[in-house]
Amino acid sequence: MSFLVTARKYRPSTFQEVVAQGHVVNTLLNSIRLGRIAHAYLFSGPRGVGKTTTARIFAKALNCPNAKEGEPCNTCDTCVEISQGRCIDIIEIDGASNNGVEQVRTIRDSVRYMPSREKYKMYIIDEVHMLSKGAFNALLKTLEEPPAHAIFIFATTEPHRLPPTVISRCQRYDFRRIALEDIVGQLKHICLLEGIEAEDTALFAIARKGDGSMRDSESIFDQVVAFSGNQLTYESVRHVLHVVDQETFFQLTDLIITNNSSGGFALAEEIVMSGYDIQDFLTGIEEHYRNLLVARATGDTRLIEAPEDVRERYSRVAEQFSEGDLLRLLKITAQTMQAVKFSPQPRLKFEVALIDMIKMDSTIEISTLLSNMGQGGSIPPSRSPGEKHPGSTSAGRSSQHSAPTAAAAATSAVAVTPKAASTGEQMETTSPEAVPSPVRSSGPFSDADAPGNVTRKTNGRTVDAGETWETRFGPPTGMRSAVTDVTEPLREAEERFRQALTSASLSAAGSHRAQPASSQPLPTHPIVQLLIDKLDAVVLPKH
Ligand SMILES: [Zn+2]
C-alpha cells in the first residue's frame with residue numbers, strides 16, 4: 001500500500017476531530033441542527049489550521065443521508081466521495097489559478113442547475129482573495145440571490161483583500177492559529193496510533209517549527225520520522241531541522257548574569273560556525289527574552305509555550321533579571337535584527353550585540369532610587385538579589401572609585417532614556433540658585449504636559465484622564481504666575497535629585513563627609529511626583 005502523508009492520513013473527518021477551532025465548529029454544528037444554513041460562508045485564518053477540512057466536513061454533514069447530530073457518517077457513498085474529492089456536486093476550485101471573469105461566469109452558469117444527486121450543490125473556493133476585481137464583481141449577483149440548492153464556501157488566508165461587498169454577503173468564520181500544546185497533543189495522538197515513541201521536547205520543537213499550522217507540523221513530523229524511525233528524540237529533530245538548541249539561549253542568559261564577554265565571543269563563533277542563520281537565532285533569543293519577561297512580570301509560566309521542565313527553568317532564570325533589563329535586552333535584539341538585515345558584515349553586528357547584552361548596564365527605577373535615597377542613600381542591587389557576580393551591590397559596584405570620581409560617575413550616568421536625558425543634564429549643570437529662569441524651569445513641561453490635560457502614567461498612582469492642570473494645581477492667575485507656580489516645585493525637585501545623587505555616590509564610596517540626604521527629608525510635591533513619573537529609569541554603571 002502506498003504511503004499517505006500524515007497530514008492527509010489523519011485529516012479530521014468529523015467536526016469533533018477538528019483541533020482548536022471549537023468556536024467555528026460548534027456554530028456550524030448548531031446551524032445544521034437548527035436548519036439555519038446560509039448561502040455563503042467565508043473561512044479565514046492562517047494556513048494549515050483546518051479551513052478546507054472544515055469546509056469538506058460541512059459539505060458531508062449537509063449531504064450525508066445518515067448524519068447524526070450534525071456529524072456525517074463517513075461511510076455512505078456521499079461521504080466517501082466527498083472525502084476523496086470526486087463528488088460531482090461538491091466543486092472545489094483553486095482561486096489562485098481560476099481567478100478570471102471567465103471562470104466565475106462558468107460557475108454562474110452551472111450554479112443554476114439542480115445538484116445531480118446530493119441535496120446541495122456546493123462551491124468551495126480556496127485562496128479566494130486571488131480572484132480578480134472583475135471576477136468578484138461577476139460573482140456578486142449570484143452571491144446575493146443564489147438558488148436555494150447552492151452554497152458557497154470561500155477560504156482565504158488574507159480576508160482583507162476581499163471587497164467589502166463580498167464579505168457582507170457571507171457569514172464569516174475566523175479560524176485561529178493553533179496553540180503549541182494542541183499541536184503537540186495531536187502529534188502525540190498520531191504517535192500512539194503509528195507506534196512511534198517520541199520525547200516531549202522533540203514534539204514541541206516540531207510544533208514550534210510548524211508555527212501554529214497543523215499541516216506544516218505534520219509535514220515536519222513526517223520528515224523527522226523518515227530520518228529517525230520509530231524513536232523520535234530531541235537530538236534527531238534538532239539535527240534534521242537544524243534548529244538552535246534551547247540550551248544555547250539559556251547559555252546566553254548565563255553569560256549575561258556572569259558578565260562573561262569572552263564566553264560571548266565563543267558563543268558567537270559557535271553559532272556562526274555551526275551554520276545557523278543569525279536572523280533565526282535572533283528570533284530565538286527574542287522569544288527566549290519574551291518568555292523570561294512573561295515569567296518575571298506575571299510570576300506565572302502558563303503563557304510560555306514549552307514543556308513543563310523548561311517552564312520551571314524560565315521561572316528560575318527570570319528571578320535573576322529585572323523587567324527593565326529584559327525590556328532593554330529585547331530592544332537590543334530587535335535593533336540587531338534590523339542591523340543584521342542590512343549589514344554587509346552581519347557576523348560583526350551579531351557579535352557586538354551579544355557583547356552589548358552581556359555588558360549591559362542595569363536598570364534602576366528612578367522612583368526606587370529616590371525613595372531609597374530618602375531613607376539613607378543606598379542604591380538597590382541592580383539585577384536581582386540572586387545575582388551571582390561580585391559587584392552587584394552598590395558598595396561593590398563603586399568600591400574601586402575614589403569618592404569624587406564615584407560622585408562624578410553617578411551623576412553623569414543619569415542619562416538613558418530621552419526623557420531622562422534633558423532633565424538629567426539640567427540637574428547636573430544647574431545649581432538651585434540658578435533655577436528661576438522661567439524658560440529653563442518650564443522645560444520639562446513645555447510640550448506634551450503644557451497646562452492642559454495632564455494624563456500621566458502609573459507609578460503606583462492613577463491620574464484621572466479628565467483631570468486638568470487647573471483641577472490638580474489650582475487655577476492659574478495669568479501666564480506669569482503660572483510659570484512662577486511651576487518654578488518653585490521644580491527647584492525643590494532638583495534639590496531633591498541633587499541630594500539623592502550626591503548621597504548615593506558618597507554612600508556608595510563609603511564616605512559620609514557631606515550631609516546625608518536623610519537628615520533633611522523633603523515632602524513630595526505633586527509636581528515632584530510628576531517629574532519622577534516622567535523619568536523612566538536611571539542607569540548606573542555595573543562597576
Ligand atoms: Zn454519510
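In this predicted model, Ser44 of strand β1 has Thr156 as its bridge partner in β4, while in β5 the partner of Ser44 is Asp174. Strand β1, residues 40–44, is thus a convenient place to enter the structure, since it pairs in parallel with β4 through 5 bridges and, again in the parallel sense, with β5 over 4 bridges. In general, the strands of a sheet pair through backbone hydrogen bonds, and the pairing may be parallel or antiparallel.

The sheet to which these strands belong is an open one of 5 strands, ordered β2-β3-β4-β1-β5, with parallel pairing. Its edges are formed by β2 (90–94) and β5 (171–174), and because each of these has a single partner strand, one side of each is left without a neighbour in the sheet. From one strand to the next, the twist averages 15°. Further along the order, β3 is joined to β4 (residues 150–156) by 5 bridges, the two strands running parallel, and in this pairing Ile124 stands opposite Ile153 of β4.

How many of the 5 residues of β1 are buried? The count is 5 of 5, so the strand is largely enclosed by the rest of the structure. As a general matter, side chains in a regular strand alternate between the two faces of the sheet. For β1 both faces are covered, with Ala40, Leu42 and Ser44 buried on one side and Tyr41 and Phe43 buried on the other.

Phe43 leads from the sheet into the nonpolar interior. The largest nonpolar core has 90 residues, among which Phe43, Ile153, Phe154 and Ile206 touch the most other members; the largest share of this core, 8 residues, is contributed by α14. When residues up to four places away in sequence are set aside, Phe43 touches Lys51, Thr54, Ala55, Ile153, Phe154, Ala155, Tyr173 and Phe175.

Helix α14, residues 278–298, has 21 residues and reaches 30 Å from its first C-alpha to its last, close to the 30 Å expected for its length at 1.5 Å a residue. Its buried residues are Ile278, Phe281, Leu282, Gly284, Ile285, His288, Tyr289, Asn291, Leu292, Val294, Ala295 and Arg296. The elements that cover them include α12 (246–258), α13 (261–273), α15 (308–318), α16 (323–342) and α17 (346–358). Arg296 deserves a separate look, because with 20 C-beta neighbours inside 10 Å this residue counts as buried. Leaving aside neighbours within four places in sequence, Arg296 is in contact with Ala318, Phe321, Glu323 and Leu326; of these, Ala318 lies 22 residues away in sequence, with a C-alpha to C-alpha distance of 5.3 Å. After the helix comes Gly299, which has a positive phi near 65°.

Helix α2, residues 22–34, offers another case. Its 13 residues should span 18 Å at 1.5 Å a residue, and the end C-alpha atoms are indeed 18 Å apart. Which residues of α2 are buried? They are Val24, Val25 and Leu28, and because these residues cover an arc of only 90° around the axis, they lie on the same side of α2. What covers them includes α3 (51–63) and the edge strand β5. On the other side of α2, Gly22, His23, Asn26, Thr27, Asn30, Arg33 and Leu34 are exposed. Just after the helix, Gly35 takes a positive phi of about 70°.

Most residues other than glycine have a negative phi, which gives a reason to look at two further positions. Glu127, although not a glycine, has a positive phi of about 50° and is found in the loop between β3 (121–126) and α6 (133–144). His242, likewise not a glycine, has a positive phi of about 55° and lies in the loop between α11 (234–241) and α12. Are these two residues buried or exposed? Glu127 counts as buried because it has 20 C-beta neighbours inside 10 Å, whereas His242, with 12 such neighbours, counts as exposed.

Taken as a whole, the protein chain has 25 helices and 9 strands. Of its 543 residues, 35% count as buried. Among contacts between residues at least 6 apart in sequence, 75% join residues at least 24 apart.

Key
Residues are numbered from 1 along each chain as its sequence is written. This is a predicted model: local features need pLDDT of at least 70, side-chain atom pairs count only at pLDDT 80 or more; totals for chains, interfaces and linings use all residues. The expected span of a helix is 1.5 Å times one less than its number of residues. Two residues are in contact if their C-beta atoms, placed from the backbone, lie within 7 Å. A nonpolar core is a set of buried Ala, Val, Leu, Ile, Met, Phe, Trp, Tyr and Cys residues joined through C-beta atoms within 7 Å. Two strands pair if DSSP finds at least two bridges between them. Axes are lines fitted to C-alpha atoms, for helices over the stretch in contact, and angles run from 0 to 180 degrees between N-to-C directions. The arc is that of the directions from the helix axis to the C-beta atoms.
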